[in-house]
Amino acid sequence: MASSSPITSAVSGRHRVTNTAPPAESRFDRRLGKILGHATEVFYDKGYEGASMRDLARSSGMSLSGLYYYFESKEKLLYLIQKHTFSTIVERLRDRLDEVSDPELRIRVFILNHLEYFLANQKAMKVLSHEAEVLKNGFGAQIAAIKREYYRICVGLLDEFKLARKLEFSSRMAVLTLFGMMNWIYTWYNPRFDAGAKELSCGMGDIFLRGISATTEHQPVLSKRSQKKKSN
């Protein structure tokens, strides 16, 4: 992944960082991160369609004209939220996978990485889940490319696991089932009752891995009428 901030690169057409800026996160990056945080709150509370640029400006403490200077539309803000979220998840995942070689542990790392980010950024993840189809044209294509990369990483991990364990199952179905388990956690997760990311990922990993590792061949259940015809 590129070393520059995905947020900075996305708005570089309107904001240039001078050579005197430090190589670490710039003041602009920090300011932009706060703006995206406020925008996430607004989209979470009002929904994308219900939020206006005036709402977003008021929440971020910027003037409406100032907000329009950097972000020509609320679609641009939603795009930046999605780009930052998915890029960060993928970058962290790649760093973690570099340290693990066991196929099962690599799947568990994938689950833990996803859930840790999800639980630490629940409002952002809910916004992304609800507004997944909003972005169009170039914005939508860029986010779709990052999502495809994330999907392919997971498929690769499942293929490695299948090969190592000599198993047969649909990697596509397994991956999409796993995403369903992880992404819809916001509908039921309650920190007062439910475990943290590590314990939760361990339990979810156990359920998922046991499921795809099952080797029993299940015969279709026949109705009584079908059984009678078969016996005749």
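In which loop is the place of K166?

**View 1. K166 and the end of helix α8 in the predicted model.** In this predicted model, K166 has its place in the loop between α8 and α9, the latter covering residues 171-183. Helix α8 runs over residues 137-165 and has 29 residues, which at 1.5 Å a residue should span 42 Å, and its end C-alpha atoms are indeed 42 Å apart, so the expected and the modelled spans agree. Just after α8, K166 takes a positive phi of about 55 degrees, and this is a positive value in a residue other than glycine. The relative accessible area of K166 is 73%, which is over 50%, and therefore K166 counts as exposed.

**View 2. The whole chain, as a setting for the close-ups.** The chain has 11 helices and 0 strands, and when it is read along the sequence it follows the pattern α-α-α-α-α-α-α-α-α-α-α. Of its 232 residues, 41% count as buried, while the accessible surface of the chain comes to about 14,000 Å², with 52% of that surface belonging to carbon and sulfur atoms. Among contacts between residues at least 6 apart in sequence, 71% join residues that are at least 24 apart.

**View 3. L115 and its contacts in helix α6.** L115 lies in helix α6, which is made of residues 103-120, and with a relative accessibility of 0% it counts as buried. Which residues does L115 contact, leaving aside its neighbours within four places in sequence? They are M182, I185, A197, L200, S201 and M204. For one of these contacts, L200, the separation can be followed both along the chain and through space: L115 and L200 are 85 residues apart in sequence, and their C-alpha atoms are 8.1 Å apart.

**View 4. M125 and its contacts in helix α7.** M125 belongs to helix α7, which covers residues 122-130. Is M125 buried or exposed? Its relative accessibility is 5%, which is under the cut-off of 20%, so M125 counts as buried. Once neighbours within four places in sequence are left aside, M125 is in contact with T85, I89, H114, Y117 and F118. M125 and I81 are 44 residues apart in sequence, and the distance between them in space, from C-alpha to C-alpha, is 9.8 Å.

**View 5. The aromatic cluster of Y69, Y70 and F71.** A search of the whole structure finds 9 aromatic pairs. The rings of Y69 and Y70 form an edge-to-face pair, because their centres are 4.9 Å apart and their planes stand at 85 degrees. The rings of Y70 and F71 have their centres 6.3 Å apart and their planes at 50 degrees, so this pair is tilted. Together, Y69, Y70 and F71 form one aromatic cluster. As for accessibility, Y69 is partly exposed, with a relative accessible area of 49%, and Y70 also counts as partly exposed, at 22%, whereas F71, with a relative accessible area of 1%, is buried.

**View 6. Two lysines placed over aromatic rings.** The charged end of K74 sits over the ring of Y48, at 4.6 Å from the centre of that ring. In another part of this view, the charged end of K162 sits over the ring of F169, and here the distance to the ring centre is 5.2 Å.

**View 7. Helix α3 and the glycine just after it.** Which residues of helix α3 are buried? In this helix, which covers residues 53-60, the buried residues are M53, D55, L56, A57 and S60. When reading such a list, it helps to recall that an α-helix has 3.6 residues a turn, so residues three or four places apart point the same way. Just after α3, G61 takes a positive phi of about 80 degrees.

**View 8. Segments where the prediction is less certain.** The mean pLDDT of the chain is 83, and 81% of its residues reach 70 or more. Over residues 15-23, however, pLDDT stays under 50, and for this segment the model has 3 contacts beyond four places in sequence. Over residues 216-223 pLDDT likewise stays under 50, and there the model has 2 contacts beyond four places in sequence. Where pLDDT is low, the predicted coordinates should not be read in detail.

How values were computed
Residues are numbered from 1 along each chain as its sequence is written. This is a predicted model: local features need pLDDT of at least 70, side-chain atom pairs count only at pLDDT 80 or more; totals for chains, interfaces and linings use all residues. Side-chain values use heavy atoms; hydrogens and water are left out. Helices (H or I, at least four residues) and strands (E, at least two) are DSSP runs, numbered from the N terminus. Buried means under 20% relative accessible area, exposed over 50%, partly exposed in between (1.4 Å probe, protein chains only). Contact means heavy atoms within 4.5 Å. pLDDT is the predictor's confidence in each residue, from 0 to 100. Rings of Phe, Tyr and Trp (its six-membered ring) pair if their centres lie within 6.5 Å; planes under 30 degrees apart count as stacked, over 60 as edge-to-face and the rest as tilted. A charge sits over a ring if NZ of Lys or CZ of Arg is within 6 Å of the ring centre and within 35 degrees of the ring normal. Accessible areas come from the Shrake-Rupley method with a 1.4 Å probe; for residues, only the protein chains shown count as cover. The expected span of a helix is 1.5 Å times one less than its number of residues.
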